[in-house]
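This briefing walks through selected strand pairings, ring contacts and charge pairs, grouped by topic. Please keep the sequence and the structure in view while reading.

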Amino acid sequence: MIQSDGERLNELKSQISAAYRREPLDLLVKNVRLVNVYSERVVSTNIGIKAGRVVTISPEEPPVRPIAVFEGDNMYAIPGLIDAHCHIESTLLTPAALSEVIVPQGTTTLLIDPMEIANVAGYEGLVAFMHGIDALPYRIFIEVSSRVPTAPGLETTGGVLGVEETEHLLDLPVVVSLGELDPSKIDRLSEEHLAKIIAAHRRGKIANGHAIGLDGLALQAYATAGLSDDHECVTFAELRARVELGMTVMIREGSSERNLDVLVNGAVETGTETRNLIFCTDDKHTSDILREGHISYNVNRAIELGLDPIQAIQMATLNSAQHFRIDHLIGSITPGRFADFILSPSLEQIEPERVFVNGRLVAEEGRLVVDLPHVSYPDNLRHTVKLHHKLDDNDFTVAANGDTARVR
């Protein structure tokens, strides 16, 4: 729900009063070992929450009795995990249904580039798809798809996001960036796509990259265009080249593309600074998420490869939030930020026993514990496969004489 300035003002006043201990906290989570991703320290403390946000971090209990108290049992309190770039369509689930898969794994925020939806249903379909996401038990932010249609003249999906539509979407509070843009648009100086980059930057938002295979002058030209990151690195040399140009590298571990081991090994072996490294899945199938984890897998695997646990957690939390300029909202357990966090018995192997979003317990011991919203999607998102003629059995028959036939 988008708040009016008046609603947010009243909420903020209440949060400040609770921080001053003039009115009760909504929730006090007691006895946790809080992972501070700013100071890189673990501190024994309590977390005070008011109206969905953290307002106090203190080992002392407040004099005004909280409305509710939750015992943290000395578990590690870790900021909710962030997937910095994914195409939600690859899961083959609606955002609501996906809650049951990712939230118990500790993922509390997805940054999605809904490229497939936009290519099929265009501006209206994308806006309809975003309806209801504010009622989910996790957060979604949008990276506005920059290539719609992806291959003009070679596809008949029908969706179009021109400069005007892109600007309208970039004005929405839920939108954090212009989605991934491939090198061909920069190489041929496409005015439409350069205008989209300018539109994002003019609004204080970043433009995501897709710098597959680039090096040397081509990579420098790409960075010159204002693309801020890349999720296509497959070698450590590529990672280092991008970081040296001021780009953030999204270390991708999905279903088909698995780059984490090579990239993290390189970072560990060379002692590379990790603050410009973040995690994403890009495309990860539901079965793989259930089998091995989501962003929690990236964190745990990085730790197994020798990365310091707090650095691995930073890559999945604060680093992503800072890169997308939303660290005033998420990415840490600090006053003023949304109360999105995990309680895990271990720091070396993240196991989300409890998951909180907006200061509400949403998952416990691997299961979602809240009701999901029912979102009704319009017909233009339901009936998108259109054939040029009615099929019958003959369309699937391969005419042949003998045992073999040459077919397309």
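Strand S7 (residues 107–112) and strand S8 (residues 139–144) run parallel and are joined by four bridges. The model in which this pairing occurs is a predicted one. Both strands belong to an open sheet of five strands, and the notes below begin with that sheet before turning to ring pairs and salt bridges.

**The parallel sheet**

- The five strands of the open sheet follow the order S6-S7-S8-S9-S10, and their pairing is parallel.
- At the edges of this sheet lie strand S6 (81–86) and strand S10 (206–209), each of which pairs on one side only.
- On average, and with direction ignored, neighbouring strands of the sheet are turned by 30 degrees against each other.
- Between S7 and S8, threonine 109 stands opposite arginine 139 in S8, while leucine 111 has phenylalanine 141 in S8 as its bridge partner.
- Together with helix H3, the strands S7 and S8 make a right-handed β-α-β unit.
- S8 also pairs with strand S9 (residues 175–181), in the parallel sense and over three bridges, and here glutamate 143 has serine 177 in S9 as its bridge partner.

**The setting of strand S8**

- S8 is mostly covered, with six of its six residues buried.
- Arg139, Phe141 and Glu143 point one way from S8, whereas Ile140, Ile142 and Val144 point the other way, and all are buried.
- Arginine 139 has a relative accessibility of 13% and therefore counts as buried.
- The side chain of arginine 139 meets that of aspartate 340 in a salt bridge, at 2.6 Å from N to O.
- Because arginine 139 lies in strand S8 and aspartate 340 in the loop between helix H13 (318–323) and strand S14 (341–344), this salt bridge ties together parts that are 201 residues apart in sequence.
- Aspartate 340 is likewise buried, its relative accessible area being 5%.

**Aromatic pairs**

- The structure holds three aromatic pairs, one of which is formed by phenylalanine 70 and phenylalanine 356: their ring centres are 5.3 Å apart and their planes stand at 85 degrees, so the pair is edge-to-face.
- Since phenylalanine 70 lies in strand S4 (residues 69–71) and phenylalanine 356 in strand S15 (residues 354–357), the pair ties together parts that are 286 residues apart in sequence.
- Phenylalanine 70 and phenylalanine 356 are both buried.
- The rings of phenylalanine 129 and tyrosine 377 have centres 6.4 Å apart and planes at 15 degrees, and so this pair is stacked.
- Phenylalanine 129 lies in helix H3 (residues 115–130) and tyrosine 377 in the segment after strand S17 (367–368), so that parts 248 residues apart in sequence are tied together by the pair.
- Phenylalanine 129 is buried, as is tyrosine 377.
- A cluster linked by ring pairs is made up of Phe70, Phe341 and Phe356.

**Charges over rings**

- Arginine 33 places its charged end over the ring of tyrosine 76, at 4.1 Å from the centre of that ring.
- Over the face of phenylalanine 338 lies arginine 53, at 4.2 Å from the ring centre.

**Other salt bridges**

- The structure holds 26 salt bridges, among them one in which the side chains of glutamate 60 and arginine 21 meet at 3.9 Å, N to O.
- Glutamate 60 lies in the loop between strand S3 (53–58) and S4, and arginine 21 in the loop between helix H1 (5–19) and strand S1 (27–36), so the pair ties together parts that are 39 residues apart in sequence.
- Glutamate 60 counts as exposed because its relative accessibility is 52%, whereas arginine 21, at 29% relative accessibility, counts as partly exposed.
- Arginine 291 forms a salt bridge with glutamate 292, in which the closest N and O atoms are 3.7 Å apart.
- With a relative accessible area of 57%, arginine 291 is exposed.
- One network, joined by salt bridges that share partners, takes in Glu253, Arg258, Lys284, Asp288, Arg291 and Glu292.

Methods
Residues are numbered from 1 along each chain as its sequence is written. This is a predicted model: local features need pLDDT of at least 70, side-chain atom pairs count only at pLDDT 80 or more; totals for chains, interfaces and linings use all residues. Side-chain values use heavy atoms; hydrogens and water are left out. Rings of Phe, Tyr and Trp (its six-membered ring) pair if their centres lie within 6.5 Å; planes under 30 degrees apart count as stacked, over 60 as edge-to-face and the rest as tilted. Helices (H or I, at least four residues) and strands (E, at least two) are DSSP runs, numbered from the N terminus. Buried means under 20% relative accessible area, exposed over 50%, partly exposed in between (1.4 Å probe, protein chains only). A charge sits over a ring if NZ of Lys or CZ of Arg is within 6 Å of the ring centre and within 35 degrees of the ring normal. Two strands pair if DSSP finds at least two bridges between them. Axes are lines fitted to C-alpha atoms, for helices over the stretch in contact, and angles run from 0 to 180 degrees between N-to-C directions. A salt bridge is a side-chain nitrogen of Lys or Arg within 4 Å of a carboxyl oxygen of Asp or Glu. A crossover is right-handed if, with the strands pointing away from the viewer, the path from the first strand over the helix to the second runs clockwise.
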